[in-house]
Amino acid sequence: MCGIVGYIGPRDCVPIILEGLRRLEYRGYDSAGIALVKGGRIQVHKKAGKVAALAESVRINGNGLSGGLGMGHTRWATHGEPTDVNAHPHFDAASEIAIVHIGIIENYRAIKTALVRDGHTFVSATDTEVLAHLIGETYKTAGDLTTAVRLALARVEGTYGLVVLSSREPDKLVAARKGSPLIIGVGEGENFVASDAAAIVEHTRHVVYLEDGEVAEVTRDKVRTMTIEDVEVEKLVHEVTLELSQIERGGYEHFMLKEIHEQPETICNAMRGRLLVEEGDVKLGGLQNVLGKLLSARRIVITACGTSWHAALVGKYMLEQIARVPTDVEYASEFRYRNPIINIDDVVLLVSQSGETADTLAALREAKSKGATVLGIVNVVGSTIARESDGGVYIHAGPEIGVASTKAFTSQLTVLALVTLLLARARGMPREKGRLLAQELASLPQKVEGILTRDEQIKRIAEEFGDHKNFLYLGRGANFPVALEGALKLKEISYIHAEGYPAAEMKHGPIALIDEQMPVVVIVPKDAIHEKVLSNIQEVKARRGRIIAVANDDDTEIDQLAEFVIRVPRTYGFFGPIINVIPLQLLAYYIAVARGTNVDQPRNLAKSVTVE
Ligand code: AGP
């Protein structure tokens, strides 16, 4: 949610900040702004719309704006519409302090009422401007910016990742974190602040992760970190391995299409050095310390949001059917407030691409507070969920820039399959059975490669349905979550209403929606319930629904039933979702392209949801 970049050093910060914001735009892109201290005062430029609009405004109206101390923000609105006035940075009453902020100040109304009573007036509808005024007010007694920020934050309820600068102290940035991720980039004679490494990796690979409740005073040559209560904190400097090329489109029209086509490689990366085909077994370094807990777990609870929640649903099928481990799946946003019954011999798995999703992080802390072992299946290295888990597995999908998650989903499923095989073997599955499953997993990248060659066929189908208003997705067993995922992809990037349903559930209501205007996408692999799904397709056909089937290469019956058939290779049933979702990703992508929506930055969405 939102992106922040700050710089202090000898170079001109304007191009550094604007380029950094452009790299963070997937985190929020409805308005942007930049602030610099120059000539004893703060200069600010804010613009509704993309970072490009801000850059253009700075070029035309910036009057050669430049300087060595500055910060910027790209926004995903929570309080106040995306307008020039509501864009960040925001000022205090004296316009001597400016702030950029990610998160929500929950008690901003109460603070605002008190400040209005003291004569403060506000220009925006944001919670953040209230915090700027509070810091300005506190500054009067605190005497220095770092202390003013600490004391003001002691009165704040809510979440924040923020940076503050002042025209009265043009030699520092003050950063603070509670809930929203923030890192310090350590340079030579210069330093950076950013929401994630993608914004600053071309300048430094040395980063410090701020933890909740920490404040950092950042000058050109020094980073001093303390708690809100002013207790000094020694911080480790980590090395990030991210490559710039990984965050470029590499010749593809959109990051989403690039990431869909990366899946043969990313599924491979998720298994590299972990899948022991000859032994029919799995080795996961990140679980070594908690293997005992995992093997003796009374049950596994998987919790997540969005696409990661769909991966969790497939994980339940795998863990229960293959490893016979009782597994529950929970929406993290519900789990955190449901006072769930969690026992110390439960293992709670948190699945998250970003590792920063607020609801999933809160579910982790809830489970931990109840004594469970908490494990993360995460993509972003060094993210908060990874750092706060007792153990876990990185999915190694590389940076996922497209807001609609694709490669992270198939890598999450691959890691869930590895965890399943690890537990199944440890719980007595014979080596030979393990070898067969391991060989099947090892064959997936090549099978996915094959599907990606059917791009053109899927593009033609997409063009046929680009102007439809509703879609229904159907699947059974482990492919029901795939139907949910296909529907989510279409909703996210094409803005078409779509629903995923267990195929057999259709006749209990959704069938009323079906007529010749309703495209129905059915996942129908040749598995144990193939005939059942064919009957569901018959029910749709009887009501003249337009059927798009995802079926196996050797399925000879489906041609008689479906208007369009997208062929996918066969694989072991519970690994099928890793393959069957690919055509649905491409279908959603090409429908969105046909409708001209912004595929990589769909409206109203953000890549990492760090607020409730
Ligand atoms: C999926 O395409 C969406 N971007 C969204 O549903 C996402 O899966 C959800 O916000 C969870 O994010 P996470 O995996 O980073 O926790």
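1. A search of the whole structure, which is a predicted model, finds 3 cavities of 30 Å³ or more. The largest cavity holds about 60 Å³ of space, and the second largest cavity has a volume of about 40 Å³. For a reader coming to the model afresh, these enclosed spaces are a convenient place to begin, and the open pockets and the ligand follow.

2. The lining of the largest cavity is made up of C2, R75, W76, T78, H79, H88, H101, I102, G103, T126, D127 and T128. Two elements, β6 (97–102) and α4 (127–142), give two or more residues each to this lining. Sorted by class, the lining of the largest cavity has 7 polar residues, 3 nonpolar residues and 2 charged residues.

3. H88 deserves a second look, for this residue of the largest cavity's lining is joined to P89 by a cis peptide bond with an omega of about 10°. P89 itself is found in the loop that runs between β4 (69–75) and β5 (90–91). As general background, most peptide bonds are trans, and most residues other than glycine have a negative phi.

4. A further backbone point concerns N339, a residue other than glycine whose phi is positive, near 45°. N339 lies in the loop between α10 (332–335) and β19, and the strand β19 (346–352) comes up again below, among the elements that line the second largest pocket.

5. What lines the second largest cavity, and how is that lining divided by class? The residues are I322, A417, T420, L421, L437, L441 and F575, and they divide into 6 nonpolar, 1 polar and no charged residues. The elements that supply two or more of them are α13 (407–426) and α14 (431–452), and α13 has the largest share, with 3 residues.

6. Turning from cavities to pockets, the largest pocket has a volume of about 910 Å³. It is lined by 43 residues, of which L242, N379, V380, V381 and P399 are the closest to its centre. By class, the lining of the largest pocket has 16 nonpolar, 15 polar and 12 charged residues.

7. Among the elements of the model, β14 (238–239), α7 (263–271) and α12 (384–388) each supply at least two residues of the lining of the largest pocket. The largest share of that lining comes from α7, which gives 3 residues.

8. The second largest pocket has a volume of about 520 Å³, and of the 24 residues that line it, G306, T307, A606, K607 and V609 are the closest to its centre. The elements α9, β19 (346–352) and α16 give two or more residues each to this lining, with α9 giving the most, at 3 residues. The lining of the second largest pocket divides into 12 polar, 10 nonpolar and 2 charged residues.

9. Which pocket corresponds to the space taken by the ligand? That space is the second largest pocket, and the ligand should therefore be read together with the lining described in the previous point, on the criterion that more than half of its atoms lie within 2 Å of the pocket's grid points.

10. The ligand is surrounded by 14 residues, and the closest of these are S308, S352, Q353, S354 and T357. This shell divides into 8 polar, 4 nonpolar and 2 charged residues. Both α9 (306–321) and α16 (480–494) supply at least two residues of the shell, and α9 gives the most, with 3 residues.

11. Several separations between the side chains and the ligand can be stated individually. A polar side-chain atom of S352 lies 2.6 Å from an oxygen atom of the ligand, while an N or O atom in the side chain of S354 is 2.7 Å from an oxygen atom of the ligand. For E492, a polar side-chain atom likewise lies 2.7 Å from an oxygen atom of the ligand. Taken alone, the ligand exposes 410 Å², and the protein buries 91% of that area.

How values were computed:
Residues numbered from 1 in each chain as written. Predicted model: local features only at pLDDT ≥ 70, side-chain atom pairs only at ≥ 80, totals over all residues. Heavy atoms only, no water. Near = heavy atom within 4 Å. Polar contact = N/O pair within 3.5 Å; in protein donor to acceptor, adjacent residues only side chain to side chain. Areas by Shrake-Rupley, 256 points an atom, 1.4 Å probe, with all protein chains shown as cover. 1 Å grid on protein atoms, 1.4 Å probe; cavity = no way out; pocket = protein on both sides within 12 Å on 5 of 7 lines; lining within 4 Å. Helix = DSSP H or I, 4+ residues; strand = E, 2+ residues; numbered from the N terminus. Nonpolar A, V, L, I, M, F, W, Y, C, P; charged D, E, K, R; others polar. Points joined across faces, edges and corners; volume = space filled by probe spheres on them.
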